[in-house]
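Visitor: I am new to this structure and would like a close look at a single part. Could you start with one pair of charged side chains and then lead me outward from there?

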Amino acid sequence: MSGESYETERQAVEQIKGARERIGAELSKVIVGQQETIEHLLIAVLSGGHCLLTGAPGLAKTLAARSFSTALGLSFKRIQFTPDLLPADITGGYILNRQQGTFELIKGPIFAHLVLGDEINRAPAKTQAAMLEAMQERQVTAEGETRPLPRPFLVMATQNPIELEGTFPLPEA
């Protein structure tokens, strides 16, 4: 490795480290005692991954997600998963524009940079499949048309214990 290449990489690492410290400090003002969660969120967004948060209700998981997206300047949406949630409730769907006589896509909440999927295992398999397509392939298929999701794209999900009534098992993916 040449000296110039090494220096460029070192500077990039220092920039990432500085950004991580600034974001962590900003989030620590709002979220107290959740430093490990903040670190995991930063790792997920930098690596292009997703997070599954577990914990009792009232531990500020939604606040953490919203604050994290604000600190990074990302759009944020929350999806409350329920047994009657349909895939189109996540992806969106087409509606008729009567004035133009055409169908227009109304994008669902999945088209945000950071999506909080609350109680993801309360949704049936078809709805989970729509969410997993977005997470794995960074795209959404609505009415047979595939559309890319914004970059970066991060899903933070929470789940209920599987023993609770009204939950569905999550696929291994």
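Guide: Happily! Let us begin with Glu145 and Arg147, whose side chains form a salt bridge in which the closest N and O atoms are 3.0 Å apart. Please keep in mind that this is a predicted model. Where does this pair sit, on the inside or the outside? Glu145 has a relative accessibility of 35%, so it counts as partly exposed. Arg147 counts as partly exposed too, because its value is 27%, and partly exposed covers the range between the buried limit of 20% and the exposed limit of 50%.

This salt bridge belongs to a set of 5 in the structure. Another one joins Glu7 to Arg10, with 2.6 Å between the closest N and O atoms. Both residues lie in helix 1, which spans residues 3-30, and because they are 3 residues apart there, about one helical turn separates them. Glu7 is partly exposed at 29% relative accessibility, and Arg10 is partly exposed as well, with a relative accessible area of 35%.

A further salt bridge brings together the side chains of Asp118 and Arg78, at 2.7 Å from N to O. This pair links distant parts of the chain, for Asp118 is in strand 5 and Arg78 is in strand 2, 40 residues apart. Asp118 has a relative accessibility of 13%, so it counts as buried, whereas Arg78, at 37%, counts as partly exposed.

Those two strands take us to the sheet. Here 4 strands form an open sheet with parallel pairing, in the order 1-8-5-2. Its edges are strand 1, residues 51-53, and strand 2, residues 76-80, each of which pairs on one side only. From one strand to the next, the twist averages 20°. If you look at the side where strand 1 sits, you will find that it pairs with strand 8, residues 154-158, in the parallel sense over 3 bridges. There, Leu53 stands opposite Thr158 of strand 8.

Now look at the helices that lie across these strands. Helix 2, made of residues 35-47, lies across strand 1 and strand 8 and runs at about 155° to strand 1. Helix 3, residues 61-72, lies across strand 1, strand 2, strand 5 and strand 8, running at about 170° to strand 5.

Let us finish with the nonpolar cores. The largest of them has 19 residues, and Phe81, Ile110, Val115 and Met131 have the most contacts inside it. Two elements, helix 5 (125-137) and strand 8, each give two or more residues to this core. Helix 5 gives the most, with 4 residues. Which residues does Ile110 contact, leaving aside its neighbours within four places in sequence? They are Ile79, Ile90, Thr91, Val115, Met131, Ala134, Val140, Leu149 and Phe153. Apart from the largest core lies another, of 18 residues, which includes Leu42, Cys51, Phe68 and Leu114.

To retrace our path, we set out from the salt bridge between Glu145 and Arg147, followed the link between Asp118 in strand 5 and Arg78 in strand 2, crossed the open sheet of 4 strands, and ended among the residues of the nonpolar cores, such as Ile110 in the largest one.

Definitions and conventions: Residues numbered from 1 in each chain as written. Predicted model: local features only at pLDDT ≥ 70, side-chain atom pairs only at ≥ 80, totals over all residues. Heavy atoms only, no water. Pairing = 2+ DSSP bridges. Axes fitted to C-alpha atoms, helices over the stretch in contact; angles between N-to-C directions. Contact = heavy atoms within 4.5 Å. Buried < 20%, exposed > 50% of the residue type's maximum accessible area, 1.4 Å probe, protein only. Core = buried A, V, L, I, M, F, W, Y, C linked by side-chain atoms within 4.5 Å.
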